[in-house]
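Please open the structure in your viewer and keep the selection tool at hand. The stops below say what to select next and what is there.

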Amino acid sequence: MFSGSKNTAINIITGIASVGIIVGTMALFVVLSVFSGLRDFSLSFANDFDPDLKAVAKIGKTILLSSEQAQQISDLEGVASFTKIIEERALFTFNGKDQLANIKGVDANYTQVNQVEKTIFQGQWLEADTEQVVVGYGISQKLSMGLFDLVNVFETFVPKPGKGTIDSPDGAFNRSVLIPVGFYFINEELNQKYVFANLSIVQELLDYQPNQISGFEIKLLPKADEAALTEAILAILNDTVVIKNRAQLNESLYKMLNTENLVLYLIFSLVIAVTLFTLIGALIMIIIEKKSNLKTLFNLGANLKELRKIFLYQGFLICILGGLVGLLLGIIITLVQQKFGLIMINANMPYPVKFSFINVLAVIGTITSLGFIASVIASSRVNKSLLE
């Protein structure tokens, strides 16, 4: 494997194939590491905003949760925190401008379940039992809203429940005056989606009963059994709710990220596969060059299978050695970027990367399988017609 050939062209082609394997392996690992970093970065928004478990009504828009049921759920093994929520579409007005968004009523435990306080970039989180609200940055921009505005009124309107004819616009809507005390910033979609308010205020706005809510959210302990907890909650509520975990709440996001990861992996695996054609060519040229030696070995008693193994092992070892060198270089690049952030997205944020043993195994498995296939193809050129 290490000795040079008398033919300079073969040495050059073999060197090019080795370098191609090294660079291709390094590129595959670096790209997978970069995507792992971008994946964690994208999911960090969901991790800050979404709970571990969320329960909503199975039929209709609301559920009736008694204090006894709430206490039973809070006391379940594995539950760290429990919070009630109400979500409803509403119209918000400020200084002559209108905006449709979701008003989300939350209780005092909400910040224990979600890390939404981390997303507030201006102002503060709302205080319990007040008309204070926290507004998405996108909503505040569209309404040209500021905090603690004593001149303009921030109002919300929702249709009144019930049947019958509407006598006047005032009779068709419930209205509430709110006080913005903070703006949150997560991403473009969520910034335009929610206005957070106290649960009691939203219940009054929607004419809900004190125990009537849209659902509840749960934060789990680190080693909690998610499946067992789901079954226990369904038993307490007589199967009247649908429970989703964080992945199910962001199903489209997870599917998109997994698809992108697969496409990137296939593209760079194809690059390595194309590079291995150079190795196949080099091995075939070596076989032709060693034709007389192969005839001698064959006449001495070596069979075709044993002769093919010589070139199978040679090609496979070249792939393994080149793959390990490329993998080592990729790991060094990834760890340097992860620790020092040499490549920046902007002036304040380094390009996210993440070292993962799963990526190491994926790269090793890819280069091993493709290298073995390439070596088998090349070694198959050793046949009786060649030796005759």
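The tour goes through confidence, strand pairing, aromatic rings, nonpolar cores and two single residues.

**Confidence**

Start by colouring the chain by pLDDT, since this is a predicted model. The mean over the protein is 92, and 98% of the residues score at least 70. Select helix α5, residues 169-172, for the lowest confidence in the protein, a mean of 72. Then select strand β9, residues 194-198, where confidence is highest, at 97.

**Strands around β7 and β8**

Select strand β7, residues 154-159, together with strand β3, residues 79-94. The two run antiparallel and are joined by four bridges. Within this pairing, find F157 in β7 and look across to L91, which stands opposite.

Now add strand β8, residues 173-184. β8 pairs with β7 in the antiparallel sense, over six bridges. To locate the register, select V158 and its bridge partner in β8, N174.

Which way does strand β5, residues 120-123, run against β8? β5 and β8 are antiparallel, with three bridges between them. Here G123 faces G182 of β8 as its opposite residue.

Strand β6, residues 132-136, also pairs with β8, but in the parallel sense and over five bridges. Select Q132 to see one of these positions: its bridge partner in β8 is I179.

**Aromatic rings**

Show the side chains of the aromatic residues; the whole structure holds 17 aromatic pairs. One of them is F94 with F154, edge-to-face, at 6.4 Å centre to centre and 65 degrees between the planes. F94 belongs to strand β3 and F154 to strand β7, so the pair ties together parts that are 60 residues apart in sequence. Are these two rings buried or exposed? F94 has a relative accessibility of 2% and F154 one of 1%; both fall under the 20% limit and so count as buried.

Move next to F355 and F357. Their ring centres are 5.2 Å apart and their planes meet at 75 degrees; an angle over 60 counts as edge-to-face, so this pair is edge-to-face. F355 is partly exposed, at 23% relative accessibility, whereas F357 is exposed, at 63%.

For a cluster of rings, select F49, Y110, W125, Y184, Y194 and F196, which are linked by ring pairs. Keep Y194 selected and add K104: the charged end of K104 sits over the Y194 ring, 5.3 Å from the ring centre. A second case of a charge over a ring is K339, whose charged end sits over the ring of F340, 5.9 Å from its centre.

**Nonpolar cores**

Which residues have the most contacts inside the largest nonpolar core? They are I73, F92, F154, F216 and I218, in a core of 45 residues. Strand β3 supplies the largest share of this core, six residues. F154 has already appeared on this tour, as the ring paired with F94.

Centre the view on I218 and show what surrounds it. Neighbours within four places in sequence aside, I218 is in contact with P51, D52, L53, I73, V79, S81, F82, V113 and I233. I73, one of these contacts, is also among the residues with the most contacts inside the core.

A second core is separate from this one and has 19 residues. Select L283, L327, A374 and A378, which are among its members.

**Two single residues**

Go to T119, in the loop between α3 (110-113) and β5. T119 counts as buried, with a relative accessibility of 9%. With neighbours within four places in sequence left aside, T119 is in contact with F183, Y184, F185 and I186. Of these contacts, Y184 was also selected above as part of the ring cluster.

End at L329, in helix α11, residues 304-340. At 36% relative accessibility, L329 counts as partly exposed. Which residues does L329 touch, not counting those up to four places away in sequence? I22 and M26 are the residues in question. Finally, draw a distance from L329 to V30: the two are 299 residues apart in sequence and 9.1 Å apart in space, C-alpha to C-alpha.

Definitions and conventions. Residues numbered from 1 in each chain as written. Predicted model: local features only at pLDDT ≥ 70, side-chain atom pairs only at ≥ 80, totals over all residues. Heavy atoms only, no water. Pairing = 2+ DSSP bridges. Phe/Tyr/Trp six-rings, centres within 6.5 Å; stacked < 30°, edge-to-face > 60°. Buried < 20%, exposed > 50% of the residue type's maximum accessible area, 1.4 Å probe, protein only. Lys NZ or Arg CZ within 6 Å of the ring centre and 35° of its normal. Core = buried A, V, L, I, M, F, W, Y, C linked by side-chain atoms within 4.5 Å. Contact = heavy atoms within 4.5 Å. pLDDT = per-residue confidence, 0-100.
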